[in-house]
Amino acid sequence: MKYIPYLVSVLGIGSVLSLAVGTQTAQAQVAYGSYVGIGPTVGFTDGIRIGGVLAFRYKLLESPISFRAQALIGNNTAVVPTVSYDFPLNWQTDAYLGAGLVLAGGGGSSPVGDKISFALQPGIDYVVPNSNTVLFGNAIIAFDAYRNSGGTAVSVQGGVGLRF
């Protein structure tokens with residue numbers, strides 16, 4: 001319950017950015033949208049934790065805002081929903097910065113900790129020209145991510161996705 005203010009603030013910031021961007025004139029946007037993907041993940045904080053990632057991105061086409069979710073599967077599972085602000089670098093590439101929550105469950109440590117925590121997610125998406133393939137890579141930085149030590153957790157993941 002103590003993380004509800006974080007979730008409300010992340011969703012509020014995303015809504016404000018969406019409204020602010022919606023009042024601007026039309027600009028060129030990256031030519032790809034939403035995707036679902038899969039790949040490896042490596043957590044670096046509580047020893048090396050290797051696992052897999054299932055990634056989802058829903059792109060709001062009229063603004064540079066995306067809703068993202070990643071499931072990091074390893075010794076334990078964590079789900080990381082975020083709202084991101086996307087920076088188009090060219091027609092194939094977006095860099096982004098997301099903010100959200102790590103929802104970790106179970107007894108063991110996931111690649112991003114073992115409790116609910118606030119997270120930042122910088123990353124990059126690249127669409128392979130003339131295809132529906134997206135290559136993605138990002139890091140998740142989870143603050144106060146461990147029950148016993150309260151330290152910060154860092155994981156890096158990447159993979160391949162299919163646009164829809």
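Mentor: Let's start with accessibility: buried means under 20% relative accessible area, exposed over 50%, and partly exposed in between, using a 1.4 Å probe on protein chains only. The model is predicted, so local features need pLDDT of at least 70 and side-chain atom pairs count only at pLDDT 80 or more, while totals for chains, interfaces and linings use all residues. Residues are numbered from 1 along each chain as its sequence is written, and side-chain values use heavy atoms, with hydrogens and water left out.

Trainee: Okay, which class does phenylalanine 87 fall into?

Mentor: Phenylalanine 87 comes out at 42% relative accessibility, so it counts as partly exposed. Tyrosine 85 gets that label too, as its value is 27%.

Trainee: How many aromatic pairs does the structure hold?

Mentor: Rings of Phe, Tyr and Trp (its six-membered ring) pair if their centres lie within 6.5 Å; planes under 30 degrees apart are stacked, over 60 edge-to-face, and the rest tilted. There are four such pairs here. In one of them, tyrosine 85 and phenylalanine 87 have ring centres 5.0 Å apart and planes at 65°, so you'd call that pair edge-to-face. In another, the rings of phenylalanine 118 and phenylalanine 143 sit with centres 6.2 Å apart and planes at 25°, so they're stacked.

Trainee: Where in the chain do phenylalanine 118 and phenylalanine 143 lie?

Mentor: Strands (E, at least two residues) and helices (H or I, at least four) are DSSP runs, numbered from the N terminus. Phenylalanine 118 is in strand β6 and phenylalanine 143 in strand β7, so many as 25 residues apart, and the pair links distant parts of the chain. Phenylalanine 118 is partly exposed at 22%, and phenylalanine 143 is partly exposed at 35%.

Trainee: Over how many bridges do β6 and β7 pair?

Mentor: Two strands pair if DSSP finds at least two bridges between them. Strand β6 (residues 117-127) and strand β7 (residues 133-143) have eight, in the antiparallel sense. Follow the β6 side along to tyrosine 126 and you'll find leucine 135 of β7 standing opposite.

Trainee: And what do the strands build as a set?

Mentor: A closed barrel of eight strands, running β1-β2-β3-β4-β5-β6-β7-β8 with antiparallel pairing.

Trainee: Let's pick a residue on one of those strands. Is glutamine 70 buried or exposed?

Mentor: Glutamine 70 belongs to strand β3 (residues 65-73), and its relative accessible area is 4%, so it is buried. Now look at contacts, meaning heavy atoms within 4.5 Å. Skipping residues up to four places away in sequence, glutamine 70 touches Val53, Leu54, Ala55, Ala78, Val79, Val80, Gln121, Phe136, Asn138, Ile140 and Gln157.

Trainee: Which residues is leucine 97 in contact with?

Mentor: With its neighbours within four places in sequence left aside, leucine 97 meets Val83, Ser84, Tyr85, Phe87, Gln121 and Pro122. You'll recognise Tyr85 and Phe87 there from the edge-to-face pair. Leucine 97 lies in strand β5 (residues 93-104) and is partly exposed, at 43% relative accessibility. Try a distance as well: from leucine 97 to asparagine 138 is 41 residues in sequence, and 9.4 Å in space, C-alpha to C-alpha.

Trainee: What about a residue in a loop? Where is serine 34?

Mentor: Serine 34 is in the loop between α1 (4-22) and β1 (35-43). With 6% relative accessibility, serine 34 counts as buried. Again not counting residues up to four places away in sequence, serine 34 touches Arg57, Tyr58, Lys59, Leu162, Arg163 and Phe164.
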